[in-house]
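These notebook entries record what I looked up in one structure. I began with the pairing of strands and then turned to single residues.

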Amino acid sequence: MARALFLAGKGRYTTQPNPRVGCVLVKNNQIIAEGWHVRAGQGHAEVEALKHTSNAHGATAYVSLEPCFHFGRTAPCAEALIKAGVVRVVVAMQDPNPLVAGKGLALLEQAGIKVSCGVLEAEARQLNKGFITRMLSAKPYVISKLAMSLDGRTAMASGESKWITSAEARHDVQKLRAACGAVVTGVDTVLADDPGMNVRLPGVDVEQPVRVILDSTL
């Protein structure tokens, strides 16, 4: 499961609005295939893993999120695992999406597949905090990013200063931003700084977040 979670993390900057999910197929105590969800609209982790083996019959699938039950832009992953002849499925956490929410696990059990759920669940939840919050509360998971000096200021009164953080801190902010679906800022910041509000991580595959500006006068 730790390997499945590692694979899921490979989609940290590209899967939104979908969750990050990884899958590892094991047979005779050997990993025979693995996959992860790369981008919304493309194959889910289970399907990607099944693509990399010609025979998953009798295998155990370790998946970081409950296999989907419904038809969306792709076919249900639970059915794909059943058709492949997988005999056991180990899941980190149940899918909070009301369209799934235990139905994928139930379908697997009805097919005679042994199911376990809750392995490394805390780590799985940490990986998809935004998705989970949206599914359970219909609200976004919000992160506030603020830099200020010891006197509580964010810039000199003259407006001369541009950055009060180090290059390393700014790089960390780019990674944090890349993992989000939207970047929000106020109009005063836009007028004063003309920020790009985009992700700048050279050489890294990133799904650029939506840019949102709050302006009381529109």
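**Entry 1: a bridge between two strands.** I looked up Val63 and found that its bridge partner in strand 4 is Val91. I noted that the model is a predicted one. I then examined the two strands as a pair: strand 3, residues 60-63, runs parallel to strand 4, residues 88-91, and four bridges join them. As a general point, I recorded that strands of a sheet pair through backbone hydrogen bonds, in either a parallel or an antiparallel sense.

**Entry 2: the sheet.** I followed the strands across the sheet, which is open, has five strands and shows the order 2-1-3-4-5. I recorded its pairing as mixed. At the edges I found strand 2 (30-36) and strand 5 (114-117), each of which pairs on one side only. I noted an average turn of 15° between neighbouring strands, with direction ignored.

**Entry 3: helices on the sheet.** Which strands does helix 1 touch? I found that helix 1 (residues 2-9) packs on the sheet and touches strand 1 (22-27), strand 2 and strand 3. The direction of helix 1 makes about 145° with that of strand 1. I also looked up helix 4 (residues 103-110), which packs on the sheet against strand 4 and strand 5. For helix 4 and strand 5, I recorded an angle of about 155° between their directions.

**Entry 4: Ala8.** I located Ala8 in helix 1. Is Ala8 buried or exposed? Its relative accessibility is 0%, so I entered Ala8 as buried. Apart from neighbours within four places in sequence, Ala8 is in contact with Arg20, Val21, Gly22, Trp36, Ser64 and Leu127. I also looked up Gly181, 173 residues from Ala8 along the chain, and found 17 Å between the two C-alpha atoms.

**Entry 5: Cys117.** I located Cys117 in strand 5. Cys117 counts as partly exposed because its relative accessible area is 43%, and the range for that class runs from 20% to 50%. Beyond its neighbours within four places in sequence, Cys117 is in contact with Val91, Met93, Gln94 and Leu105. Val91 and Cys117 are 26 residues apart along the chain, yet 4.6 Å separates their C-alpha atoms.

**Entry 6: a surface patch.** Lastly, I looked up a nonpolar patch on the surface, formed by Tyr141, Ile143 and Leu176. Together these residues have about 260 Å² of accessible area. I placed Ile143 in the loop between helix 6 (129-137) and helix 7 (167-178). With a relative accessibility of 41%, Ile143 is therefore partly exposed.

Terms used: Residues are numbered from 1 along each chain as its sequence is written. This is a predicted model: local features need pLDDT of at least 70, side-chain atom pairs count only at pLDDT 80 or more; totals for chains, interfaces and linings use all residues. Side-chain values use heavy atoms; hydrogens and water are left out. Two strands pair if DSSP finds at least two bridges between them. Axes are lines fitted to C-alpha atoms, for helices over the stretch in contact, and angles run from 0 to 180 degrees between N-to-C directions. Contact means heavy atoms within 4.5 Å. Patches are made of residues with over 30% relative accessible area and no salt bridge: like charges are joined within 9 Å, nonpolar side chains (Val, Leu, Ile, Met, Phe, Trp, Tyr) within 5 Å. Accessible areas come from the Shrake-Rupley method with a 1.4 Å probe; for residues, only the protein chains shown count as cover. A salt bridge is a side-chain nitrogen of Lys or Arg within 4 Å of a carboxyl oxygen of Asp or Glu. Buried means under 20% relative accessible area, exposed over 50%, partly exposed in between (1.4 Å probe, protein chains only).
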